[in-house]
Structures are given as C-alpha cells and as structure tokens.
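Subject: That structure I promised you

Hi,

Here's the structure I said I'd send over. Have a look at it first, then read on with the viewer open.

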Amino acid sequence: NVGKLGKTGWMWYIFTPNKYENLPHNVKIIPMTIEQFNNLMQDKIGVNPHNFLLPNGTPSKNVSDFYVAHGKIFEDYILDADLWGFTNWDIVYGELSKFIPDELLEKCDIFSDEINTINGIFTLVRNTKKMNELFKEIPEWEMKFTTHQLFGTDEYDFTKVAQKIPNFIFPMYYP
C-alpha cells in the first residue's frame, strides 16, 4: 500500500539497524542503531535520551515521545520535503489524496487525523524551522525526553502547543 503512494510524492524513511529487501521505491532504509539515534538527538537537540535495547529488542523508552522533535532530529534527511509526519506502524493507508488533498495541506502547518488534538496515529507538520522546533514549547521537554517514562508528548503535550497554531487543521474543518 505504501508503494502505491509513491506516485503522489509520499516518501517513508525508516531508521533501523535491520535490513530489508524488495522495498517500494518510496521507502528508504537509513541504517541506525539505538546508540546512533541517541547521538543524533544529542547533536540536533542537545539532549541524550540514553536509550538502550531491552532483552526483547524494544527500546527502553517509548520513542513516540520523540515524534514531535523528528523535524529537527532528522532535518538533514527531509531537506526537500514540504511536510514530515509521524504515524503508527499498523496503519493501512488508502489513497491519501482523497481525504487529504494538496489544497488542504498547502493551508496547514499541522494536520492531525483527530478532532482538535494531535494523534500519534497520523500527524503531518510543515517542514519549517519554526514548526520543526515547536516541540521546545512543551514544558520540561528536556526532562521528558531523558526520563525513562512515557509522557505522551506526541499527543497530550503537542496538542496544547498545536492548538495555538493558526494553521492547525483537523477533520472538523475538512472542505
């Protein structure tokens, strides 16, 4: 399904130490270990979450708390993108242009699939310096990124920040 969205300009970058073959043309694997991710966060936003892998192979911290900072953390990879976003892995996409037309995306700085709130399932953010650093308006974001506890910065905290943005668009305002 993701491969079909390539014809409309959608691109997926997956940062993982795992190797994959036979990927659609619009999916790019970026080799990255958990240690490299920690170092990248330190370089880009000045905090190191000190993540490590648990015996079952999952990160020691729920990495969804970092979603809101991906525009800054991964800025070197998204230079040509108009928008960047975060989503859950178990989502099946339809033809996105049917419910998120380009005309709508051109008007928004943040798009969420949930009414008046950010949802970690599908959120898009305009790729600008201001929007990529918006996470810094979250109170105590540094502590939340470095504490091995789930805070929900991607949904709860970022919602409060996003609601102040004039061009925050969610389904209630679909044309």
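Below is what turned up, going from helices to charged pairs to a few odd spots. One thing to keep in mind is that this is a predicted model.

**Helix α1**

Let's start with α1, which covers residues 34-45. How far apart should the ends of this 12-residue helix be? At 1.5 Å a residue the helix should span 16 Å, and its end C-alpha atoms are indeed 16 Å apart, so the two values agree.

Next, look at which of its residues are tucked away. The buried ones are Ile34, Phe37, Asn38, Leu40, Met41, Lys44 and Ile45. If you look down the axis of α1, these buried residues fall within an arc of 160°, so they line one face of the helix. Here's the background for that: an α-helix has 3.6 residues a turn, so residues three or four places apart point the same way. What does the buried side of α1 pack against? Its partners there are α2 (70-73) and α6. Right after the helix ends comes Gly46, with a positive phi of about 85°.

**Helix α7**

Now jump to α7, residues 153-162. Seven of its 10 residues are buried, so the rest of the structure largely encloses this helix. Those seven are Thr153, Asp154, Asp157, Phe158, Thr159, Val161 and Ala162. They pack against strands β3 (83-87), β4 (110-112), β5 (122-126) and β6 (168-169), as well as helix α6.

**Salt bridges**

How many salt bridges does the structure hold? There are nine. A good one to find in the viewer is Lys144 with Asp157, where the closest N and O atoms are 2.9 Å apart. Lys144 sits in helix α6 (residues 141-146) and Asp157 in α7, so this pair ties together parts that are 13 residues apart in sequence. Are these two partners buried or exposed? Both Lys144 and Asp157 are buried.

Other salt bridges share partners, and together they join Lys44, Lys72, Glu75, Asp76, Lys129, Glu133 and Lys136 into one network. You've met Lys44 already, among the buried residues of α1. Glu133 is a handy place to start exploring the network. Its side chain meets that of Lys129 in a salt bridge at 3.1 Å, N to O, and that of Lys136 in another at 3.9 Å. The cut-off is 4 Å, so the 3.9 Å pair counts as a salt bridge. As for the two lysines, Lys129 is exposed, with a relative accessible area of 61%, while Lys136 counts as partly exposed at 37%.

**A buried lysine in a loop**

Lys61 lies in the loop between α1 and α2. Why does Lys61 count as buried? Its relative accessibility is 3%, and buried means under 20%. Leaving aside neighbours within four places in sequence, Lys61 is in contact with Asn51, Phe66, Lys144, Phe145, Thr147, His148, Gln149, Leu150 and Phe151. So you'll find Lys144, the salt-bridge partner of Asp157, on that contact list too.

**Strand β1 and the surface**

Two residues of strand β1 (residues 12-16) are worth clicking on, and one of them is Tyr13. At 34% relative accessibility, Tyr13 counts as partly exposed. Together with Met11 and Tyr77, it makes a nonpolar surface patch of about 260 Å².

The other is Ile14, also found in β1, which counts as buried at 15% relative accessibility. Ile14 and Lys28 are 14 residues apart in sequence, with their C-alpha atoms 6.2 Å apart in space.

**Two positive phi angles**

Finally, which residues other than glycine have a phi near 55°? Asn22 is one of them, and His50 is another. Asn22 lies in the loop between β1 and β2 (27-31), whereas His50 is found in the loop between α1 and α2. Asn22 is exposed, with a relative accessible area of 78%, and His50 is exposed as well, at 53%.

Happy clicking!

Methods:
Residues are numbered from 1 along each chain as its sequence is written. This is a predicted model: local features need pLDDT of at least 70, side-chain atom pairs count only at pLDDT 80 or more; totals for chains, interfaces and linings use all residues. Side-chain values use heavy atoms; hydrogens and water are left out. Buried means under 20% relative accessible area, exposed over 50%, partly exposed in between (1.4 Å probe, protein chains only). Helices (H or I, at least four residues) and strands (E, at least two) are DSSP runs, numbered from the N terminus. Contact means heavy atoms within 4.5 Å. The expected span of a helix is 1.5 Å times one less than its number of residues. The arc is that of the directions from the helix axis to the C-beta atoms. Patches are made of residues with over 30% relative accessible area and no salt bridge: like charges are joined within 9 Å, nonpolar side chains (Val, Leu, Ile, Met, Phe, Trp, Tyr) within 5 Å. Accessible areas come from the Shrake-Rupley method with a 1.4 Å probe; for residues, only the protein chains shown count as cover.
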